[in-house]
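Student: I would like to go through this entry by question and answer. Please keep to what can be read from the coordinates.

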Amino acid sequence: MHIPPGRLSHDILNRYREVSTIKIVLTGAAGFIGSNLAARLIDDGHEVIGVDNFLTGQRDNLAYLRTLSRFTFIEHDVIEPLSIAGDVDWIMHFASPASPPRYLRHPVETLRVNSEGTRHLLELARDKGAQFFLASTSEIYGNPDVHPQPESYCGYVNPIGARSCYNEAKRYAEALTTTMSRQYDIPIRIIRIFNTFGPRMDLKDGRVITNFIHQIQSGQPLTVYGDGSQTRSFQYIDDLLEGIVRLMDVPYGQPVNLGNPEEYSILEIARMTRELMGSQAPIEYRPLPEDDPRRRKPDISRARQLLGWEPRVRLRDALAHTIRYYQGQPQGQLIHGMGDL
């Protein structure tokens with residue numbers, strides 16, 4: 001079933017998924033996004049072969065997936081070629097350290113999984129006649145001098161700075177993906193993921209929201225770098241997953257931003273987290289890290305036009321839901337865009 005580009009309704013997408021069960025190889029399946037994505041794809045009726053080497057992925061994230069009949073797992077480092085038996089419809093490459101503390105701890109591995117790993121998986125897609133899906137990042141925009149950032153913006157990146165092991169690796173991965181697509185006629189999708197959070201994140205991975213939750217739970221001060229005026233745009237994991245599955249249904253080979261255009265300062269996030277957790281934890285200011293972006297906000301016009309997609313979950317609602325997850329409290333139902341929980 002071919003669906004041309006354009007604004008797609010939920011009914012069209014749901015009818016497509018009902019008649020089209022697909023087999024997907026998903027790298028980074030033990031990671032935060034990967035494990036949530038695997039669950040969503042299986043819930044949509046598909047078969048998922050998860051791949052991870054546990055460099056940063058968590059084995060606990062696979063516990064639920066291993067109970068599902070349509071999930072199988074291969075422990076493998078994709079900087080080496082991957083062998084898969086039988087036909088495959090999609091290769092989805094979500095393997096990479098993604099938080100600054102993690103990729104700064106594993107800089108060479110980060111470069112290799114996005115270069116050698118991307119090449120091996122593109123070759124696998126070519127050999128299987130499969131489509132290829134690359135998870136890229138808003139980090140390719142660097143410390144932007146254009147705001148908000150559209151996909152046409154080429155970025156302002158320090159190619160030899162500490163963060164280059166991640167942002168330049170992802171830029172290379174995009175270049176390799178588009179080049180091999182042109183040369184070998186591999187159907188591709190590329191998303192640029194902006195800050196995303198929710199259940200199954202590693203509380204100790206050093207990202208903003210998990211950092212604040214972990215610090216409050218541990219009785220520590222909240223760490224804010226610089227004066228906290230730098231901004232980010234945070235989306236809830238369910239919104240990201242919806243954007244991913246919609247893009248799978250649309251034959252479009254250029255990058256697509258997936259993020260929430262609502263912009264908050266880091267200091268606002270710290271205060272909101274503290275309020276929702278009923279904490280009086282002090283805020284501790286530290287020097288701003290090298291090449292830390294001052295502003296980050298996606299232009300999602302392309303996603304709106306192609307996919308009829310935009311984030312539905314308000315930040316405060318998503319943050320409250322996430323906090324309850326890490327506090328081990330009953331989750332209830334997350335009300336999309338309908339006020340506080």
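Tutor: What follows covers salt bridges, backbone geometry and one serine in a predicted model.

Student: How many salt bridges does the structure hold?

Tutor: The criterion is a side-chain nitrogen of Lys or Arg within 4 Å of a carboxyl oxygen of Asp or Glu. With that cut-off, the number of salt bridges in the structure is 17.

Student: How many residues apart are Arg102 and Asp202, which link distant parts of the chain?

Tutor: Arg102 and Asp202 form a salt bridge, with 2.6 Å between the closest N and O atoms. Arg102 sits in helix α3 (residues 100–105), while Asp202 belongs to the loop between β7 (196–197) and α6 (208–217). Along the sequence, their separation is 100 residues.

Student: Are Arg102 and Asp202 buried or exposed?

Tutor: A residue under 20% relative accessible area is classed as buried, and one over 50% as exposed. For both Arg102 and Asp202 the class is buried.

Student: Which helix holds both Glu123 and Arg119?

Tutor: The side chains of Glu123 and Arg119 form a salt bridge, at 3.2 Å from N to O. The two residues are 4 apart in sequence, about one turn of the helix. Both lie within residues 107–128, which is helix α4.

Student: Why does Glu123 count as partly exposed, and what is the class of Arg119?

Tutor: Partly exposed covers the range between the buried limit of 20% and the exposed limit of 50%. Glu123 falls there because its relative accessible area is 22%. Arg119 has a relative accessibility of 35%, so its class is partly exposed.

Student: Which two helices does the salt bridge of Glu275 and Arg316 connect?

Tutor: The side chains of Glu275 and Arg316 meet at 2.6 Å, N to O. Their positions are 41 residues apart in sequence, so the pair ties together separate parts, namely helix α8 (residues 266–276) and helix α10 (residues 315–326).

Student: Which residues are joined into one network by salt bridges that share partners?

Tutor: Here salt bridges have partners in common, and this links the residues into a single network. The members are Arg40, Asp44, Glu242 and Arg246.

Student: What is omega for the peptide bond that joins His147 and Pro148?

Tutor: Pro148 is placed in the loop between β5 (131–137) and α5 (164–184). The bond from His147 to Pro148 is cis, with omega about -5°.

Student: Phe54 has a positive phi although it is not a glycine; is Phe54 buried or exposed?

Tutor: Phi of Phe54 is about 65°. Phe54 is found in the loop between β2 (47–52) and β3 (71–75). Its relative accessibility is 14%, so Phe54 counts as buried.

Student: Asp185 also has a positive phi; is Asp185 buried or exposed?

Tutor: Phi of Asp185 is near 60°, in a residue other than glycine. Asp185 occupies the loop between α5 and β6 (188–193). Because its relative accessibility is 66%, Asp185 counts as exposed.

Student: Which side chain makes a polar contact with the side chain of Ser96?

Tutor: Ser96 lies in the loop between β4 (90–93) and α3, and at 18% relative accessibility Ser96 counts as buried. Leaving aside neighbours within four places in sequence, Ser96 is in contact with Thr110, Val113, Asn114, Tyr166 and Lys170. The polar contact, at 3.0 Å, is with the side chain of Asn114.

Methods:
Residues numbered from 1 in each chain as written. Predicted model: local features only at pLDDT ≥ 70, side-chain atom pairs only at ≥ 80, totals over all residues. Heavy atoms only, no water. Buried < 20%, exposed > 50% of the residue type's maximum accessible area, 1.4 Å probe, protein only. Polar contact = N/O pair within 3.5 Å; in protein donor to acceptor, adjacent residues only side chain to side chain. Contact = heavy atoms within 4.5 Å.
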